[in-house]
Amino acid sequence: MRIDIWSDIVCPFCYVGKRNLELALAEFEHRDEVEVVWHSFELDPSATEHPAGSLPEMIAGKYQMPLEQAIASQESIAERAREVGLDFNWRQARYGNTFDAHRVIHYAAEQGLASAAQEAFKKAYFTQGRSVQDHESILDIASEIGLDTAEVEAVLKSDRYAVDVRADEQLAHQLGINGVPFFLIESKWAVNGAQPAEALVQALRQVWEQTHQVEFLNPLAGAAGDAAGNNAAEAGPSCDVNGNCS
């Protein structure tokens, strides 16, 4: 079974969704037969790093909302993250452009370390307050999961994997994906947003039954729907390209 996931490093619900999927796979009877394929998605392709301003200040300025509203939003998201064991230190977050980090994740995928890279970059941003744009910081993060520093440096000094990032984003556009996380199971069934682990387990089991039985006695319903949105449950929390995370 293949699960394609579109995700951005600075998307809080992408980190929550990743953790929920891991919890779901731990309960899924056929987890050893699941392949997870990560795809790049930039919520803010024009982003630049703002070391002098806090994340809420950046959000308030960019999306023209009161600072108090931006702070309340971050506190609410952090509370949701704590429910799945994640520590969001949003006061220390260093917002920035994620394009180069996505390129490095594509390199990591070739080394069999895509999921490890996703975890490392998300943790660096949300928990450790590290830059995911600065090349020295990217090198440090990549080396911590065992990637060859010289190779990563060569990637960063070139345009390697740029076409792969753009291809992921183009495919997302073709599929009508405008918010992440977005899960596509077996290239057909869609799960939109950071659904609870229980819903993901249900979706995985139902898709497995659909694809491994001659007679489909248990039609898919509930947590998953097809790529066109048929049979889809209400979307879970996600972040869209307009900066809304809810």
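Are phenylalanine 88 and phenylalanine 126 buried or exposed? Both are buried, and the close-ups below show where these rings sit. This is a predicted model, in which local features need pLDDT of at least 70, side-chain atom pairs count only at pLDDT 80 or more, and totals for chains, interfaces and linings use all residues. Residues are numbered from 1 along each chain as its sequence is written, and side-chain values use heavy atoms, with hydrogens and water left out.

**View 1. The whole protein, for orientation.** The protein has 9 helices and 7 strands, taken as DSSP runs numbered from the N terminus (helices are H or I with at least four residues, strands are E with at least two). Out of 246 residues, 51% count as buried; buried means under 20% relative accessible area, exposed over 50%, and partly exposed in between (1.4 Å probe, protein chains only). Take the contacts with a separation of 6 or more: 71% of them come from residues 24 or more positions apart, a contact being heavy atoms within 4.5 Å. About 11500 Å² is exposed, with carbon and sulfur atoms supplying 47% of it; these areas come from the Shrake-Rupley method with a 1.4 Å probe, and for residues only the protein chains shown count as cover.

**View 2. Tyrosine 15 against phenylalanine 88.** Rings of Phe, Tyr and Trp (its six-membered ring) pair if their centres lie within 6.5 Å; planes under 30 degrees apart count as stacked, over 60 as edge-to-face and the rest as tilted. By that rule there are 7 aromatic pairs. In this one, the ring centres are 6.0 Å apart and the planes at 15°, so tyrosine 15 and phenylalanine 88 are stacked. Tyrosine 15 belongs to helix H1 (residues 12-27), while phenylalanine 88 is in the loop between helix H3 (67-82) and helix H4 (99-110), 73 residues apart. Relative accessible area is 2% for tyrosine 15 and 6% for phenylalanine 88.

**View 3. Phenylalanine 88 again, now with phenylalanine 126.** These two rings are also a stacked pair, 4.5 Å centre to centre with 15° between the planes. Phenylalanine 126 is in helix H5 (residues 114-126) and phenylalanine 88 in the H3 to H4 loop, so the pair ties together parts 38 residues apart in sequence. Step back a little and ring pairs link Tyr15, Phe88, Tyr125 and Phe126 into a cluster.

**View 4. Two cysteines, cysteine 11 and cysteine 14.** Cysteine 11 is buried at 0% relative accessibility, and cysteine 14 is buried at 2%. No bridge to look for here: the protein has 0 disulfides, a disulfide being a pair of cysteine sulfur atoms within 2.5 Å.
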